[in-house]
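Work through the exercises below with the structure open beside you. Try each task before you read its solution.

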Amino acid sequence: MKLSRIGRISMALVVSVAIGLGMTACGGGTIGFMWVLGTQYNQITGFKIDDYTGNLTQVVHSPFSSGGANPVDLVVLPGGRYVYVVNEGSPNAPQGSCGGASGGITEFSVGGGGILTYQQCFTSQGTSPVWAAHDSTGSYLYVLDKQAPVVNGVLPSNGDITVFSIASDTGRLTLVLNQQVKDPITGQQLTYFPVGNSPSMMAFGGGGCLLTLDQGDQTVFPYSVGNGGQLNLTANSLVPLNSTDATSISANGSDVYVTDAGAPNTPGQILPFTVGTSCSLNTANGGAVANLPSASRPTFSMTTAQKTGKQFLMVLNQSTTNSNASSYSSISAFNIEPTTGKLTPVADPGNNPYKSGSGPVCMVEDPTDQWIYTSNGVDGTVSGFAIDNSTGELSSLKRGSTFTASGQATCLAISPNVD
């Protein structure tokens, strides 16, 4: 059958629109954009996420420069207009990089097709920023510095949180002063909020608490979040952990999970807590939960979205205890009991834990709660999985589950916006 000239034009228009929406005959639309950091070349790899398959295709002009040295974390502002990249810094930082050796925060705007455009560089008050998070409204950005500023000529042993307000029209960051504490030397308000020794990660929990994991002394430092982005000290200024190597902290409402890698070549464990009064952490669900026997070195955890009345805790493992197999990385999947919060392994013998790329660092779930992705630091890839929201089982994507990112991938983030 031959098409008339009008028919051919109509068909061409349909194909053109489909391509513009990120659609093909074998896939669906673009449901979001993913950005993956890589420290080898200080780059950000951008991907489009296919709704039908979960597969990833690189954004035009990707990878993008992170603007700084050693990018380790990134935050997408609600609405998807701005992305902030945390560059930890490096003694060998390229000349002119954001923050240089001390590290800095680069702001990017998100354009059509997920293209990132560099906007500005901001520096936190301490050095070596390693994590960042925004409040629920997207009005404030909290940046975690591994090292607090010098005090009276002495470098303290603790880290700090630098707080910024975010301009809604430009994404520009403005420093928020600590209204609770003054510098004893100058008498001026502190420009930062002190935390514990060698902080590595933060999580919002309990509806108004910002919890910092301090690896140097195996503690959690809690602040309550007040008006104007202020962080207020609580009666529980330091929460000791019964751990030997706490590696990550995550929160889902009042439920908080700390991963403990434990001794080398052991499965490690998950430490579950609930947030109590004054941002205290109370041991929950009978105490520590053993990781799956074949997994080793848990380093990150994430709670999935609640669907079909069920939720699951996914734990990244960088190694294995199985001496008869080649060392591999994996995801341990746990059920979260709806009424008690108790963790039990997802019943999928022979598969759980699920193999991932080598050296996973971070993990995210897509905006439609169909797919889970890990960024893998050793092989510089992203691993994709389909999740069964009824059982918590993970499976391979329909058209390949491994995607090449920039070398030595660190963290990743997703914006739900569609162009």
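**Exercise 1. Start at the largest pocket of this predicted model. Which residues lie nearest its centre, and how many residues line the pocket?**

Solution.
- Step 1. Count the lining: 47 residues surround the largest pocket.
- Step 2. Go to the middle. Trp131, Ala132, Ala133, His134 and Ala251 lie nearest the centre.
- Step 3. Take the volume. The largest pocket holds about 1,300 Å³ of space.
- Step 4. Sort the lining by class. There are 28 nonpolar, 14 polar and five charged residues.

**Exercise 2. Which strand gives the largest share of the lining of the largest pocket?**

Solution.
- Step 1. List strands that supply at least two lining residues each. Among them are S5 (71–76), S9 (127–134), S10 (140–147) and S16 (199–205).
- Step 2. Continue along the chain. S21 (246–252), S26 (295–303), S31 (360–365) and S36 (409–415) also supply at least two each.
- Step 3. Pick the top contributor. S16 gives the largest share, five residues.

**Exercise 3. Describe the second largest pocket: what is its volume, and which residues lie nearest its centre?**

Solution.
- Step 1. The volume is about 480 Å³.
- Step 2. The lining has 21 residues, and Ser200, Met201, Gln215, Thr247 and Val361 lie nearest the centre.
- Step 3. Look for the strands. S9, S16, S26, S31 and S36 each supply at least two lining residues.
- Step 4. Check those strands against Exercise 2. Each of them also supplies at least two residues to the lining of the largest pocket.
- Step 5. Sort by class: 11 residues are nonpolar, seven are polar and three are charged.

**Exercise 4. Find the largest nonpolar core. Which residues have the most contacts inside it?**

Solution.
- Step 1. The largest nonpolar core has 78 residues.
- Step 2. Met34, Trp131, Ile161, Ile249, Met314, Tyr373 and Val382 have the most contacts inside this core.
- Step 3. Ask which strand gives most. Strand S1 (residues 30–38) supplies the largest share, six residues.
- Step 4. Look for another core. A second, separate one has 14 residues, including Tyr82, Tyr84, Ile105 and Ala132.
- Step 5. Zoom in on Ile249. Beyond its neighbours within four places in sequence, Ile249 touches Met201, Met202, Ala203, Leu211, Leu213, Val220, Val256, Tyr257 and Val258.

**Exercise 5. What overall dimensions does the protein have, and what does its radius of gyration agree with?**

Solution.
- Step 1. Count the elements: one helix and 36 strands.
- Step 2. Box the C-alpha atoms along the principal axes. The box is roughly 85 × 50 × 40 Å.
- Step 3. Test the radius of gyration. A compact globule of 419 residues would have a value near 22 Å, and the protein has 22 Å, so the two agree.
- Step 4. Add burial: 52% of the 419 residues count as buried.
- Step 5. Add contact range. Take the contacts with a separation of 6 or more; residues 24 or more positions apart account for 50% of them.

**Exercise 6. Locate the unusual backbone geometry. Which residues do the cis peptide bonds join?**

Solution.
- Step 1. Recall the background. Most residues other than glycine have a negative phi, and most peptide bonds are trans.
- Step 2. One cis bond joins Ser62 and Pro63, with omega about 5 degrees. Pro63 sits in the loop between S3 (56–58) and S4 (64–65).
- Step 3. Another cis bond joins Asn352 and Pro353, with omega about 10 degrees. Pro353 sits in the loop between S29 (343–345) and S30 (354–355).
- Step 4. Turn to phi. Asn42 is not a glycine, yet has a positive phi of about 55 degrees. Thr308, also not a glycine, has a positive phi of about 50 degrees.
- Step 5. Place both residues. Asn42 is in the loop between S1 and S2 (43–50). Thr308 is in the loop between S26 and S27 (311–320).

**Exercise 7. Is Asn42 buried or exposed? Is Thr308 buried or exposed?**

Solution.
- Step 1. Set the cut-offs: buried means under 20% relative accessible area, and exposed means over 50%.
- Step 2. Asn42 has 15% relative accessibility, so Asn42 counts as buried.
- Step 3. Thr308 has 56%, so Thr308 counts as exposed.

Notes. Residues are numbered from 1 along each chain as its sequence is written. This is a predicted model: local features need pLDDT of at least 70, side-chain atom pairs count only at pLDDT 80 or more; totals for chains, interfaces and linings use all residues. Side-chain values use heavy atoms; hydrogens and water are left out. A nonpolar core is a set of buried Ala, Val, Leu, Ile, Met, Phe, Trp, Tyr and Cys residues joined through side-chain atoms within 4.5 Å. Buried means under 20% relative accessible area, exposed over 50%, partly exposed in between (1.4 Å probe, protein chains only). Helices (H or I, at least four residues) and strands (E, at least two) are DSSP runs, numbered from the N terminus. Contact means heavy atoms within 4.5 Å. On a 1 Å grid over the protein atoms alone, a cavity is a set of points where a 1.4 Å probe fits but cannot get out, and a pocket is an open set with protein on both sides within 12 Å along at least five of seven lines; lining residues have an atom within 4 Å of a point. Grid points are joined across faces, edges and corners, and a volume is the space filled by probe spheres set on the points. Ala, Val, Leu, Ile, Met, Phe, Trp, Tyr, Cys and Pro count as nonpolar, Asp, Glu, Lys and Arg as charged, and the others, Gly among them, as polar. The radius of gyration is taken over C-alpha atoms; the globule rule is 2.2 Å times the number of residues to the power 0.38.
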